[in-house]
Amino acid sequence: MSTKTLALFFTRGVSLKIWKETGLFEREKLLYHAHLECGDLQQVLWMTYGALDEKIAKDLKTQGRLHRSVVLCQMPKFFNFFLGSWIYSFVLPLVHYKALRKSQVFKTNQIDGSWTAVLAKWLYNKPLIVRTGFTQSINFKKSGKNMLVLFLSQAVERFAYKFANSAVVASLSDQQYITDHYQLNTDKANVIHNYIDTKVFKPVESEKFKDRVVFVGRLNQQKNLFNLIDAMSQTNLNLDVYGQGDLKDPLESHAQKKEVKVSFKGVVNNNELPTILNQYHYYILPSKYEGMPKTLLEAMACSLVCIGTDVKGINEVIEDGVSGFLAKTTDTADIVDAIARAINYSNPNTISQNARLLIGENFSLDFFQKKEISIVNDLVGTHD
């Protein structure tokens with residue numbers, strides 16, 4: 001039984017309340033529950049930006065939804081004002097000094113706010129894992145953020161990686177990017193793909209929609225949903241969209257203009273997704289760019305026939321004609337072609353079985369857990 005405590009630094013401004021309201025909680029807790037239940041860790045601290053998070057955690061524990069050894073270190077109410085999370089991000093290591101000095105290793109959840117973990121590392125001389133699910137500056141470049149925002153993002157990444165004892169990214173393309181841009185040794189930059197609980201996300205025999213394709217994700221420009229709606233207008237299929245975002249109203253108007261049957265289902269909790277996904281044969285992700293999309297992995301784990309665009313992040317998971325289908329570009333015509341090839345494929349069961357096998361071997365919760373605890377043990381052992 002381990003005596004190690006890991007302190008997880010939430011993304012700046014993100015609270016347990018936000019995790020719960022956006023449906024992320026059930027998925028995000030899995031890794032830490034797994035570490036605690038198998039004895040990898042004795043305790044996990046969540047350093048959050050919510051002034052009510054300790055009460056929420058208490059209620060979740062009472063309901064049996066949060067492990068007793070997850071300890072919430074919330075933001076004091078004093079910082080609950082505009083720009084408060086920015087100020088708090090610099091003083092958090094002092095506010096929670098009692099908990100942090102007793103921890104054996106620190107870890108970030110994303111790059112935004114990673115400076116907080118670096119400050120804690122300096123104060124308490126603990127090893128630091130800078131973990132990111134996506135590389136922020138890559139997304140900013142591709143989404144056309146202004147040069148000042150991009151410069152600041154790269155400055156934060158450079159600062160975090162300079163002082164990290166280990167970096168963990170979700171894709172090979174992200175690993176290549178941070179080693180090239182921030183002069184990291186490859187042995188310091190680890191790739192651990194996003195994980196899926198394959199015991200929950202699995203194929204289930206059920207009656208499936210014959211005329212519908214499902215999309216799950218944020219409703220923003222990155223996901224290329226206007227082109228998807230244009231593509232759907234050239235098929236006999238309907239589209240079900242799960243997620244939220246600023247483009248919901250414009251997308252609804254566009255669908256009406258194109259006379260495409262699109263149902264906007266809103267946000268659902270992650271624990272509801274397996275049942276939802278198993279109602280469909282086909283899943284689609286037409287993104288302009290991705291890191292390592294969890295919703296795609298979840299759909300593949302449920303043995304859906306998955307359709308994506310040939311961009312980094314997606315093409316690292318889908319092999320065209322083997323574990324899914326790739327549109328050559330993000331253009332409407334190529335999306336139409338990929339949908340047609342998927343719908344007309346002679347042996348879709350082979351595709352869906354290959355997808356499930358791939359996820360089980362390379363993207364399972366167990367696989368992620370073992371790789372992460374190996375890094376933790378190496379760091380703690382070296383640091384002692």
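**Close-up views of helix packing**

**View 1. The buried residues of helix α9.** In helix α9 (residues 172-182), the buried residues (under 20% relative accessible area, 1.4 Å probe, protein chains only) are S173, D174, Q175, Y177, I178, T179 and Y182. This is a predicted model, in which local features need pLDDT of at least 70, side-chain atom pairs count only at pLDDT 80 or more, and totals for chains, interfaces and linings use all residues. Residues are numbered from 1 along each chain as its sequence is written, and side-chain values use heavy atoms, with hydrogens and water left out. Helices (H or I, at least four residues) and strands (E, at least two) are DSSP runs, numbered from the N terminus. The cover over the buried α9 residues includes α7 (136-143), α8 (147-163), β6 (166-169) and β7 (189-191). Just after α9 comes Q183, with a positive phi near 55 degrees.

**View 2. Helices α7 and α8.** Here the two axes (lines fitted to C-alpha atoms over the stretch in contact, with angles from 0 to 180 degrees between N-to-C directions) come within 9 Å and cross at roughly 165 degrees. The pair α7 and α8 is therefore roughly antiparallel (over 145 degrees). Look for Q136, S137, F140 and K141 of α7, which meet V149, L150, S153, Q154 and E157 of α8 (contact means heavy atoms within 4.5 Å).

**View 3. Helices α10 and α14.** Helix α10 (residues 225-232) and helix α14 (residues 332-344) have axes that come within 8 Å and cross at roughly 55 degrees. At this meeting point, N227, L228, D230, A231 and M232 from α10 touch T332, I335, V336 and I339 from α14.

Terms used
Buried < 20%, exposed > 50% of the residue type's maximum accessible area, 1.4 Å probe, protein only. Parallel < 35°, antiparallel > 145°, perpendicular 65-115°, else oblique.
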